[in-house]
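Work through the exercises below with the model open. Try each task before you read its solution.

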Amino acid sequence: MQTNFTAEQLADPHVAEAESILRKCVHCGFCTATCPTYVTLGNELDSPRGRTYLIKDMLENGRPADEQVVTHIDRCLSCLACTTTCPSGVDYMHLVDHARIHIEKTYRRPLMNRLTRNMLAMVLPYPGRFRLALKLAALGRPFAGLFDQVKALKPMAAMLRLAPSKVPPASDFARPATHAAVSTRRCRVAILTGCAQPVLDPGINEAAISLLTRLGVEVVVPQGEGCCGALVHHMGREEQALDSARRNIDVWTRAVEDGGLDAIIVTTSGCGTTIKDYGHMLRLDPAYAEKAARVSALAKDVTEYLSTLDLPIAETKGLTVAYHSACSLQHGQKVTMAPKLLLKSAGFTVKDPPEGHLCCGSAGTYNIMQPEISARLKARKVRNIESTKPDIISAGNIGCMTQIGSATGIPVVHTVELLNWAYGGPRPKALDRRASV
Ligand code: SF4
Ligand code: SF4
């Protein structure tokens, strides 16, 4: 794509990066076929190519964001299916990140939109606040229909519907600790506790720690780590996201200095994609660039790490698992085969649902902020998964698990919980939802 930025504009390294990304696009449109919003809405401006044009026009002319740009960028799920499809290697992820920061700095959103986004940014990254909010949401759930009547309040209705009816108690595994290897120690890792996942489903990290320690891995939950910053990063709140990144980098750097780390294990793939990007996010910060790159290199999805540990072939379970490949894992981190191979070795029959490249519509806070498109994607995803007639649905991202689980009676279980069960751990609690499993 031809661009016409001035030398003065290109002196800003962020604009220079955006320009070099834009220049790679050859307008071929291959990306439109796999973009969930284009497939759903059929509007060129809701495709990667259309958004790329909007971003180019806004940045080149040095304009503040307007309503049209915000509408179409807000509808982007950041699922990154376009980056998997693009034959020219257009780095859409960093382009849209830059556009979102520009929007946040230059556009004043309508009042309710602003309030909702502020509330999400102030609550979701903090487990204590999030737990309290979920309890309140459970009380407010009967009123979701009322909120639905007013367009600006639809995100509130979506939020109330997504909240679980019961919040599980906090887990001891989320507290700072060192979990010793059960057998001879062969490696030492840190595990991300994060923010929303330990509140919604503490069993995931319990399963990961239990399995890893039985495999001879010492697992550290270091004092002081928290939200990876993905949520606010996708809102364009750069400083808040970078603060979260710096805090976690300091914590993990101390853990490296204290006893060495072979990896930083992440059980929520949305967070994994962001942590693997810390090196890029902080590349211009002289105090953090090197440390951030080291942390990003250490970050591993739990299945990516487990696949290096040579797990044995387990007895067949006689159960069919539909593997839902979270966008952040397949498109963001390009981890596609490891979870399925691990599940097969663990004795499950694994099915790939049709249209596996399409997002389920969860996408961080997308299912709250864009409830209508999200609901259409969810229905399509669940239809495709159910067509494989599975006993269990497996995924590696709590957002997808919550989204898909809200529309099906089939139990949705994190991949690591199934692996832990197959190798001698307890049966995942979610399986109790179906007596035949
Ligand atoms: S990130 Fe996903 S929703 Fe956004 S443009 Fe790319 S494919 Fe479409
Ligand atoms: S596939 Fe890549 S090169 Fe082709 S239009 Fe999309 S972003 Fe541009």
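**Exercise 1. The shell around ligand 1**

Sort the residues around ligand 1 by class, then find which come nearest and which elements supply them.

*Solution.* Keep in mind that this is a predicted model. Step 1: the shell around ligand 1 holds ten nonpolar residues, two polar ones and one charged one. Step 2: of the 13 residues in this shell, Cys-35, Pro-48, Cys-76, Cys-79 and Cys-82 come nearest. Step 3: helix H3 (36–41), helix H4 (48–60) and helix H6 (81–85) each give two or more residues.

**Exercise 2. The shell around ligand 2**

Do the sorting again for ligand 2, and say which element gives the most.

*Solution.* Step 1: 15 residues surround ligand 2, and Cys-25, Cys-28, Cys-31, Cys-86 and Ser-88 come nearest. Step 2: H4 and H6 are the elements that give two or more residues. Step 3: H4 gives the most, with three residues. Step 4: by class, count nine nonpolar, five polar and one charged.

**Exercise 3. Two residues with positive phi**

Find where Ser-78 and Leu-80 lie, and decide whether each is buried or exposed.

*Solution.* Step 1: recall the background. Most residues other than glycine have a negative phi. Step 2: Ser-78 has a phi near 55 degrees, a positive value in a residue that is not glycine. Leu-80, also not a glycine, has a positive phi of about 70 degrees. Step 3: Ser-78 sits in the loop between helix H5 (67–74) and H6. Leu-80 lies in the loop between H5 and H6 as well. Step 4: the cut-off for buried is 20 or more other C-beta atoms within 10 Å. Ser-78 has 23, so Ser-78 is buried. Leu-80 has 23, so Leu-80 is buried.

**Exercise 4. Ile-55 in H4**

Which residues does Ile-55 contact, leaving aside its neighbours within four places in sequence?

*Solution.* Step 1: place Ile-55 in helix H4. Step 2: count its surroundings. With 25 other C-beta atoms within 10 Å, Ile-55 is buried. Step 3: the contacts asked for are Leu-95 and Ala-99. Step 4: check Arg-100 too. Ile-55 and Arg-100 are 45 residues apart in sequence, and their C-alpha atoms are 9.7 Å apart in space.

**Exercise 5. The faces of H15**

Which residues of H15 are buried, and why do they line one face?

*Solution.* Step 1: helix H15 (residues 238–259) has 22 residues. Its end C-alpha atoms are 32 Å apart, close to the 32 Å expected at 1.5 Å a residue. Step 2: Ala-241, Ser-244, Ala-245, Asn-248, Ile-249, Trp-252 and Ala-255 are the buried residues of H15. Step 3: down the axis of H15 they fall within an arc of 135 degrees, so they line one face of the helix. Step 4: this fits the general rule. With 3.6 residues a turn in an α-helix, residues three or four places apart point the same way. Step 5: look at the other side of H15, where Glu-239, Glu-257 and Asp-258 are exposed. Step 6: the cover over the buried residues includes strand S2 (187–191), strand S3 (217–221) and helix H18 (289–298). Step 7: move past the end. Just after H15, Gly-260 takes a positive phi of about 80 degrees.

**Exercise 6. The faces of H9**

List the buried and the exposed residues of H9, and name two helices that cover the buried ones.

*Solution.* Step 1: Pro-127, Ala-133 and Leu-134 are buried in H9 (residues 127–140). Step 2: they cover an arc of only 115 degrees around the axis, which puts them on the same side of H9. Step 3: Gly-128, Lys-135, Leu-136 and Leu-139 are exposed on the other side. Step 4: the cover includes helix H8 (111–123) and helix H12 (196–200).

**Exercise 7. The whole chain**

How does the radius of gyration of the chain agree with that of a compact globule?

*Solution.* Step 1: for 437 residues, a compact globule would have a radius of gyration near 22 Å. Step 2: the chain has 21 Å, which agrees. Step 3: the C-alpha trace spans about 60 × 50 × 40 Å along its principal axes. Step 4: 49% of the 437 residues count as buried. Step 5: the secondary structure comes to 25 helices and nine strands.

Note on methods
Residues numbered from 1 in each chain as written. Chains lettered and ligands numbered in written order. Predicted model: local features only at pLDDT ≥ 70, side-chain atom pairs only at ≥ 80, totals over all residues. Near = placed C-beta within 6 Å. Helix = DSSP H or I, 4+ residues; strand = E, 2+ residues; numbered from the N terminus. Nonpolar A, V, L, I, M, F, W, Y, C, P; charged D, E, K, R; others polar. Expected span 1.5 Å × (residues − 1). Buried ≥ 20, exposed ≤ 12 C-beta atoms within 10 Å, placed from the backbone. Arc of directions from axis to C-beta. Contact = placed C-beta atoms within 7 Å. Rg over C-alpha atoms; globule rule 2.2 N^0.38 Å.
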